[in-house]
Every structure is written in C-alpha cells, then in structure tokens.
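User: I am new to this structure and should like to learn how to read its features. Could we take them one at a time, beginning with the ligand?

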Amino acid sequence: MIKSIVIAGGGTAGWMTAAALARVFGPSLNITLVESDEIGTIGVGEATIPAIARFNTMLRLDEDAFLRETQGTFKLGIEFRGWRERGHSYMHSFGAVGRDLAYLPFHHYWYQDRMQGGDAGELGDYDLNHAAAYAGRFARADDLVHAFHFDAGLYAAFLRRYAEAGGVTRIEGRIADVTVDGDIRSLRLADGREIAGDFFIDCTGFRALLIEGALKTGYEDWRHWLPCDRALAVPSARTGALLPYTRATAQVAGWTWRIPLQHRTGNGHVYCSAHTSDDEAHAALMGQLDGEALADPRPIRFTTGRRKKLWHRNCLAIGLSAGFIEPLESTSIHLIQSAIERFIMLFPRGPNHDRLAEDFNNSSIMEMENIRDFIILHYHVNGRYDETFWNSCRNMTVPDSLHHRIELFRETAALHIPTADIFRLPSWLQVLHGQGVEPQAVHPFTERVARDDRARFLRGQRHDCRERLKHLPSLAG
Ligand SMILES: Cc1cc2nc3c(=O)[nH]c(=O)nc-3n(C[C@H](O)[C@H](O)[C@H](O)COP(=O)(O)OP(=O)(O)OC[C@H]3O[C@@H](n4cnc5c(N)ncnc54)[C@H](O)[C@@H]3O)c2cc1C
C-alpha cells in the first residue's frame with residue numbers, strides 16, 4: 001500500500017497538490033512537502049479559468065475568504081487586443097453565447113442571418129458575460145460564469161496554511177540529490193537529511209529535478225508552433241475601477257498581459273527572443289503600464305512543450321515540471337488542478353501501477369494537446385501583415401488536429417469539440433470569429449426556420465441579454 005507521499009517543491013503546484021491530497025486522504029496518507037526558501041517560487045500565475053471553482057469546492061473553501069486572503073478579483077473572460085489586426089479587439093468570455101435552437105448550436109442561425117444581410121448584431125450581444133465584462137458589472141448568478149485573478153504568492157501561502165492544518169509536514173531545505181534504483185527511493189537534502197517515501201510528486205517547477213533530473217523521461221518541444229520563449233513580469237500600482245477581465249494585447253513579437261487585483265495590477269510580456277530583444281520587450285511592457293511600477297521586471301525563460309511521460313515509475317510531475325504552455329488562456333493552474341483530480345481518481349494501491357500511469361499519461365497528453373492547439377489558433381490566424389513574427393506564425397504548418405478544426409469551421413460552421421477539450425464550443429467560436437475566420441456555409445437545418453422567425457429568435461435574445469445586464473450591480477459600487 002502507498003502510505004507516504006513526498007512532494008518536492010512548494011510553489012502553486014506543490015501546495016495545491018498537498019492541500020488536495022490532505023483533504024481527500026486525511027490521516028491515512030503521510031504527506032511531506034520539501035521546499036527551498038532560498039530557491040523560491042516562480043511567483044507568477046495569477047489568472048484562472050472557471051473550472052477552479054471545482055477545486056475550491058473540493059477543498060470546501062469559502063469563496064469570500066479565498067478572495068480576501070489572495071487579494072482576488074472576479075474574471076469574466078479575456079479581452080484580446082490587436083490579435084486579428086492592429087486596432088481590433090474581441091472578448092473570449094466564459095459564458096454561453098446565445099441559446100441553441102432545436103438540434104443546432106446558436107451560431108449557425110446567427111451566421112446565416114449575417115450571410116443573408118439581417119441585423120443579427122455582434123456575437124457579444126448574445127453573451128451576458130461579454131456585456132457584463134465591458135460594463136464592469138458582476139453578481140454571483142447562474143447565467144454568469146466566473147473565474148478569478150489572484151496574487152500567486154498569497155495563493156501559495158493560503159494553500160500552505162490549509163495543507164499544514166490538514167496534517168501535511170513541511171520541510172525546508174534544498175534537494176541536492178535524488179536516490180534512484182529504478183524507482184525513486186529518497187530525496188537527499190544539502191544538509192544531509194534523507195526524505196524517503198513510497199511515491200514522489202515532482203513540483204520543482206522548470207527544474208524538474210525528479211521527473212527529468214533523476215528519471216530522464218525526455219521533453220517534447222513545441223517551440224516550432226509556439227515560438228515565444230521569454231517573459232518579463234512586473235506589478236504596478238492599481239489605478240481606477242477594477243475590470244472583471246484579463247487583457248492580452250498583441251505586441252511586435254508576442255503579447256502583454258494585464259491582470260487586475262485588489263491591491264495591485266499584474267503585468268507581463270511574453271515574447272519571442274528570435275524576433276525582439278530583451279530591451280525592446282522591456283520598453284514595450286513598461287510603456288503599457290497604467291500605474292507606477294512596484295518592482296523591476298523579472299525575467300523568465302521557458303521552453304514550451306511537455307514531458308514525454310508525466311507519470312513515470314513512482315514519480316508524477318505536476319505544474320511547470322510537467323510542461324509549459326504560455327499563459328494566454330490562463331491554463332497552467334488548471335492543468336495542475338486536473339492532474340491532481342486525475343491522480344486522485346487513479347490513485348495506486350501499491351507499487352505496480354504501470355497501467356494507471358499509462359492511462360494518466362494518455363489523458364493528460366490529450367488535454368495538453370487540445371490546449372496547445374487552442375493557443376496556436378490565436379497566433380496562426382492573424383491579419384498582422386508586414387510583421388515578421390506574425391507572418392511566420394501565419395505561414396507555419398499547424399498540427400493536423402488544429403488545421404482540421406479550422407477548415408471544418410470555415411467550410412461548414414461546424415464545431416465538433418472532443419470531450420477532452422477544456423475549451424468548449426463558445427470558446428472556440430469566440431476565438432475563431434475574433435481572429436477573423438468566417439464560415440462559408442452553415443448547417444442545412446437552418447433552412448427549416450423561416451427568416452422572420454429567425455430574426456424574432458435573435459432579436460429576443462439580444463433583448464433578454466440587455467435587460468438582464470441592467471439588473472447586474474456595478475463593480476464600481
Ligand atoms: C510568465 C508566466 C506567466 C504565467 N501566468 C499564469 C497565469 O496567468 N495563469 C496560470 O494558470 N498560470 C500561469 N503561469 C504558470 C504558473 O505560474 C505555474 O503553473 C504555477 O505557478 C506553478 O508553478 P510550480 O509550482 O510548478 O513551480 P514554482 O513556482 O517554480 O515552484 C517550484 C518549487 O520547487 C522548489 N524547488 C526547486 N528546486 C528545489 C530544490 N533543489 N530543493 C528544494 N526545493 C526546490 C522551489 O523552491 C519552489 O518551491 C505562468 C507562468 C509563467 C512562466
């Protein structure tokens with residue numbers, strides 16, 4: 001039986017894992033977490049997607065306390081500026097876009113109306129999340145779907161308190177060596193202490209000390225599709241009213257983020273070092289701050305991709321040690337969460353767990369590849385002509401899975417989303433449309449709805465959305 005788990009690393013991944021395992025297994029599992037204050041954490045990762053509510057529910061967190069402790073804010077979506085072309089912007093909201101009719105998703109009727117010169121308006125007119133985000137309104141309501149922005153450092157500290165109260169033992173020290181005899185047996189700390197366990201979770205971030213350093217599982221590099229490889233992160237003073245959305249603004253060779261928190265604003269620039277210099281990236285980031293910088297920008301380097309195996313022998317990689325996809329759609333914390341949930345579902349009874357590991361790896365890889373494709377879409381379908389970085393993104397060969405999805409939508413408006421994809425139809429629709437992909441035809445079933453009925457159907461929904469918005473309170477108070 002697996003009686004003891006050792007978690008190496010105490011960033012967001014380490015403490016999320018420790019908190020969840022302590023909550024689910026209680027005293028039946030001995031959980032030790034080793035972290036090094038001297039090394040510290042990456043300290044970014046402040047925007048999430050709505051599935052985080054499931055994690056909070058698993059921990060039975062009180063949402064108000066969570067927001068207070070992490071200086072968190074509500075997030076209704078992400079605004080993309082300048083991605084289709086300079087001056088253009090669109091919202092990828094978390095909400096539903098329109099109501100479906102009979103057998104067909106809403107967007108088929110909407111596109112048909114546009115193709116026939118109707119007055120269907122904009123996609124956002126059918127999306128309460130979109131309207132509320134731009135109007136700065138919010139309430140906890142069934143028809144609004146929210147996630148959070150929070151301070152990454154405060155979040156890890158919050159989870160640490162939770163996990164320690166749940167019985168997790170924290171050891172401070174630097175892991176100097178990993179003892180392996182096929183499986184991992186123990187972690188040796190710089191001061192000579194030896195931490196043994198039945199199963200090890202590698203949460204050591206980009207260092208990947210266990211899964212790569214000790215077990216050499218290998219890495220699949222995705223930079224030919226996602227060539228950004230550096231980031232700068234800087235906090236700035238909060239100015240003005242809180243916006244309930246993240247902003248992602250395309251730059252010459254990458255993009256900048258803006259994440260509103262209660263006590264400050266998080267900012268950063270993800271960029272491609274082959275197309276812009278560190279100094280240019282620095283200038284672009286600092287030129288965009290809307291408040292005084294509270295620190296010097298912190299440089300981060302990364303290689304987009306994934307570990308070839310995320311669970312290998314008696315070691316599971318969670319967090320940055322498992323791989324990295326840039327934070328354009330705020331998916332890393334979600335990947336941590338879903339790895340934890342999957343591990344709990346597949347938790348091994350004893351030392352023979354090859355089949356469980358295989359299942360874990362297959363599901364995790366599918367999930368990561370779907371996210372990868374979604375992120376590539378933002379770069380690939382762009383109208384930023386005469387810019388070398390954006391031209392190379394437009395001209396690159398994308399994965400077959402993504403090529404198929406774009407062409408299927410372009411030819412037929414069909415969006416057939418596999419269940420393994422965290423991003424569902426409204427997400428793909430908003431980004432495809434936002435980036436400028438227009439379908440040439442819609443489903444033939446739409447012909448069965450008379451033109452006037454369709455117009456009434458669309459008008460009614462726009463009206464409902466406007467009316468509903470009026471009843472949402474303003475975040476400005
Ligand atoms: C630029 C950027 C922006 C991001 N933005 C977002 C976002 O908006 N949303 C989102 O969901 N995610 C985002 N992420 C990802 C997010 O930051 C990470 O997924 C998350 O913080 C988890 O990191 P981690 O815990 O795996 O690694 P880390 O935070 O690096 O933690 C590693 C831990 O391992 C310990 N450690 C390492 N080596 C040793 C050693 N030898 N001995 C002892 N301990 C050791 C460290 O001390 C630390 O405790 C972003 C990432 C980057 C790079």
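Analyst: An oxygen atom of the ligand is 2.8 Å from a polar backbone atom of Gly-10. Another such approach involves Ile-42, where a polar backbone atom is 3.0 Å from a ligand oxygen atom. At Ala-47, a polar backbone atom is 2.7 Å from a nitrogen atom of the ligand. Please bear in mind throughout that this is a predicted model.

User: How much of the ligand's area does the protein bury?

Analyst: Taken alone, the ligand exposes 1000 Å², and the protein buries 97% of that.

User: Which elements give two or more residues to the shell around the ligand?

Analyst: They are α1 (12–25) and α9 (332–345). Of these, α9 gives the most, with 3 residues. There are 34 residues around the ligand, and Gly-10, Val-44, Ala-47, Ile-175 and Ile-333 come nearest.

User: How do the residues of that shell divide into nonpolar, polar and charged?

Analyst: The shell holds 16 nonpolar, 14 polar and 4 charged residues.

User: Let us turn to aromatic rings. By what is a pair of aromatic rings described?

Analyst: Two quantities are used: the distance of the centres and the angle of the planes. In this structure, a search of the whole model finds 32 aromatic pairs. One of them is formed by Phe-66 and Phe-158, with 6.1 Å centre to centre and 55° between the planes, and this pair is tilted. Phe-66 belongs to helix α3 (residues 63–70) and Phe-158 to helix α6 (residues 152–165); the pair links distant parts of the chain, 92 residues apart. Both Phe-66 and Phe-158 are buried.

User: What is the geometry of the aromatic pair formed by Tyr-134 and Tyr-245?

Analyst: Tyr-134 and Tyr-245 are arranged edge-to-face, with 5.6 Å centre to centre and 70° between the planes. Tyr-134 lies in helix α5 (residues 128–135), while Tyr-245 lies in the loop between β13 (230–236) and β14 (246–251), so the pair ties together parts that are 111 residues apart in sequence.

User: Why does Tyr-245 count as buried?

Analyst: Buried means under 20% relative accessible area. Tyr-245 counts as buried because its relative accessibility is 5%. Tyr-134, by contrast, has a relative accessible area of 37% and is partly exposed.

User: Which residues form one aromatic cluster?

Analyst: One cluster is formed by Phe-80, Trp-83, Tyr-90, Trp-255, Trp-257, Tyr-379, Phe-389 and Trp-390.

User: Over the face of which residues do Arg-342 and Arg-405 lie?

Analyst: Arg-342 lies over the face of Phe-360, at 5.7 Å from the ring centre. Arg-405 lies over the face of Trp-428, and there the distance from the ring centre is 4.1 Å.

User: Next, I should like to follow a polar side chain. With which side chain does that of Asn-267 make a polar contact?

Analyst: The partner is the side chain of Ser-236, at 2.9 Å. In addition, a polar atom of the Asn-267 side chain lies 3.3 Å from the backbone oxygen of Thr-265. Asn-267 itself is part of strand β16 (residues 265–271), and its relative accessibility of 6% is why it counts as buried.

User: Finally, is Ile-211 buried or exposed?

Analyst: Ile-211 is buried, as its relative accessible area is 0%. This residue lies in helix α7 (residues 209–214). Its C-alpha atom is separated by 31 Å from that of Cys-393, and the two residues are 182 residues apart along the chain.

Definitions and conventions
Residues numbered from 1 in each chain as written. Predicted model: local features only at pLDDT ≥ 70, side-chain atom pairs only at ≥ 80, totals over all residues. Heavy atoms only, no water. Phe/Tyr/Trp six-rings, centres within 6.5 Å; stacked < 30°, edge-to-face > 60°. Helix = DSSP H or I, 4+ residues; strand = E, 2+ residues; numbered from the N terminus. Buried < 20%, exposed > 50% of the residue type's maximum accessible area, 1.4 Å probe, protein only. Lys NZ or Arg CZ within 6 Å of the ring centre and 35° of its normal. Near = heavy atom within 4 Å. Polar contact = N/O pair within 3.5 Å; in protein donor to acceptor, adjacent residues only side chain to side chain. Areas by Shrake-Rupley, 256 points an atom, 1.4 Å probe, with all protein chains shown as cover. Nonpolar A, V, L, I, M, F, W, Y, C, P; charged D, E, K, R; others polar.
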